[in-house]
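Colleague: Hi, could you pull up the model so we can chat it through?
Modeller: Sure, here it is.

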Amino acid sequence: MLMRGARTVPSIAKPRSIPPTQSPLWTLRGSITRRWYWAFAVAGLVIPLTMWWLLSASGWVNKIFMPSPADVVIRLGTWWTRDGLLQDFWISIYRVTVGWLLSAVIALPLGLLIGSYRPIQAFFEPLTDFVRYMPAVAFIPLVMLWIGIDESSKIAIIFIGTFFQLVLMAAEDIRRVPMQQIEAAQTMGAARGEILTLVVLESAKPALLDTLRVTMGWAWTYLVVAELVAANSGLGYAILKAQRFLQTDKIFAGILLIGAIGLAMDQAFRALHRRAFPWLHTK
Amino acid sequence: MTDLTTPVATRAKGIAIAGLSKIFAAPSGSTVALQDIDLDVAPNEFVTVVGASGCGKSTLLRIVGGLERQSSGEVRVDGVPAVGPGVDRAMVFQHYSLYPWLTVMENIKFCRRLKAHREGITSSDVEAASGRADALLSVMGLESTADAYPNQLSGGMQQRAAIARALMPRPQILLMDEPFGALDAQTREVMHDLIRHLFAVEQTTIVFVTHDVEEAIYLASRVVVMAPRPGRVDSIYAVPLPGRRSLEMKLAPEFIGLKREILERIRETSGMKTDLEVLRKLTEKAAH
């Protein structure tokens with residue numbers, strides 16, 4: 001019945017199909033298959049690597065300034081076997097983790113309070129906003145003067161670099177919790193504490209985890225800064241020492257290694273996100 | 001299906017609003033959102049509130065729900081002044097109020113996590129509560145989605161879950177703030193009959209704010225028309241329809257007559273009439 005009705009529609013009214021001149025790949029905000037995605041992702045990594053390799057193999061650039069990928073891999077090997085790569089690796093991971101955890105442990109509850117109560121916001125936010133713009137790096141001399149040059153000074157620099165940002169971002173995450181969610185709890189008779197723990201915190205958790213992921217990246221930046229200035233171990237220190245001996249390949253290796261660690265941690269956070277918040281990843 | 005009230009502890013409560021005003025103070029000058037509102041809602045009555053935007057109907061509902069404070073005047077629930085939110089007054093919002101991290105069932109049972117609903121309960125209460133959650137789930141047609149997250153549901157299903165959650169603790173009063181405003185027309189009609197059904201079964205008082213006049217008439221026994229600048233109660237209409245409603249009633253002459261009357265009132269009080277007049281003159285001019 002319906003089919004026949006459809007067939008009697010005069011041909012003029014037939015919708016014209018859009019000629020397939022455009023590839024679906026280049027549709028604005030279009031979707032692509034997984035295979036295409038990976039093809040582009042691999043190309044995006046392989047092409048720069050190849051260009052680097054070509055540049056170093058061509059001999060245009062002095063090896064002292066631009067080592068070849070192979071040099072870097074070999075250096076990574078000798079660093080591992082002879083120069084204590086693992087020690088550098090672990091000490092750096094330790095500093096980042098402790099500094100970042102310390103700032104998270106204090107910043108998250110503070111952010112929850114700042115984002116929930118106006119008086120606390122008024123008390124802390126202008127101060128935090130101000131301190132945030134003081135460059136953490138500039139605190140290094142002060143930190144060395146006050147704390148010295150042992151482990152705690154590196155941790156302190158990472159703390160200073162991430163804490164103030166983390167507080168403000170966490171407070172913002174808390175403030176973004178929709179008022180309707182809070183009011184729904186109020187009309188169900190929830191007490192203030194219950195709203196904070198059962199609604200606000202739960203609602204903001206995914207955003208908070210993202211904030212933690214982002215600040216973990218910054219913690220690595222400040223680690224390298226701290227180790228360049230005030231350390232005798234760690235990946236940042238190894239990079240600095242390599243510069244003194246003109247070991248460009250080791251500088252490359254160190255930078256790439258830190259990049260790889262950052263990428264791995266980022267992916268770990270994303271996996272945790274998918275795990276912890278299934279409701280955000282189901283459709 | 002009529003067995004939603006296993007232990008009949010609920011008794012609908014009445015609302016008495018007297019001399020209620022709300023003034024929003026701002027540096028640029030204060031606005032009178034509500035001026036001297038007097039309104040009584042009887043226990044187990046279904047009242048809808050309509051009016052042009054800016055007439056303060058949502059503000060009025062939020063004050064009754066305890067989410068906002070009045071500047072002066074009083075709201076009494078069964079004779080007791082209502083200050084702040086209370087478990088006797090549940091509220092359903094237009095959208096985004098379900099908790100996206102909880103499944104539909106967990107959302108409906110959310111009130112069980114709150115101290116206000118756990119005090120002095122026995123194990124048989126817990127059992128009854130779980131039976132009630134199941135019953136609400138089934139009357140709302142949500143059984144197959146009990147373990148789904150809200151973002152997996154359509155807008156209509158989400159609102160059903162939100163209503164079920166509000167009804168779960170057996171509120172004596174249900175306040176609804178344009179709950180179907182974001183739904184399409186067909187879904188809305190189904191929701192209307194569902195709400196009428198729940199009203200018959202649950203024995204609660206319902207105050208329902210909407211901008212849709214047809215919805216207001218179809219649902220209620222009385223329609224309150226509010227007017228803006230300053231927000232006030234303009235007129236109240238009794239709906240001459242029997243308790244059991246059906247869609248054909250919307251075509252009955254008395255339904256259409258009432259709809260016309262109310263629409264006319266809203267146009268007159270909202271300044272829309274002058275806008276229409278201007279448009280009519282412009283069209284005439286263009287025709288010449």
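Colleague: Where does Pro230(B) sit?
Modeller: Pro230(B) is in the loop between β9 (222-227) and β10 (232-238) of chain B. Strands (E, at least two residues) and helices (H or I, at least four) are DSSP runs, numbered from the N terminus. A cis peptide bond joins Arg229(B) to Pro230(B), with omega about -15°.

Colleague: And before we go on, what are the ground rules for the model?
Modeller: This is a predicted model, where local features need pLDDT of at least 70 and side-chain atom pairs count only at pLDDT 80 or more, while totals for chains, interfaces and linings use all residues. Residues are numbered from 1 along each chain as its sequence is written, chains are lettered from A and ligands numbered from 1 in the order in which they are written, and side-chain values use heavy atoms, leaving out hydrogens and water.

Colleague: What is the phi of Arg29(A)?
Modeller: Arg29(A) has a positive phi of about 50°, although it is not a glycine. Arg29(A) lies in the loop between α1 (2-7) and α2 (34-58) of chain A.

Colleague: Switching to sheets, what is the strand order in the open one in chain B?
Modeller: The order is β2-β1-β4-β5, with antiparallel pairing; two strands pair if DSSP finds at least two bridges between them. The edge strands of chain B are β2 (31-41) and β5 (80-81), each pairing on one side only.

Colleague: Which helix packs on that sheet?
Modeller: Helix α1 (residues 57-64) of chain B does, touching β1, β2 and β4 of chain B, and its direction makes about 120° with that of β1(B). Contact means heavy atoms within 4.5 Å. Axes are lines fitted to C-alpha atoms, for helices over the stretch in contact, and angles run from 0 to 180 degrees between N-to-C directions.

Colleague: How many bridges link β1 and β4 of chain B?
Modeller: Five bridges join β1 (residues 15-24) to β4 (residues 72-77) in chain B. In one of them, Ile17(B) has Val75(B) as its partner.

Colleague: Last topic, the interface. How many residues does each chain give to the contact?
Modeller: Chain A gives 19 residues and chain B gives 28.

Colleague: What area do they bury?
Modeller: Chain A and chain B bury about 2100 Å² between them, 63% of it on carbon and sulfur atoms. Buried area is the accessible area (1.4 Å probe) that two parts lose on being put together, summed over both. In chain A, Thr187(A), Met188(A) and Trp279(A) lose the most area to chain B, together 35% of what that side buries.
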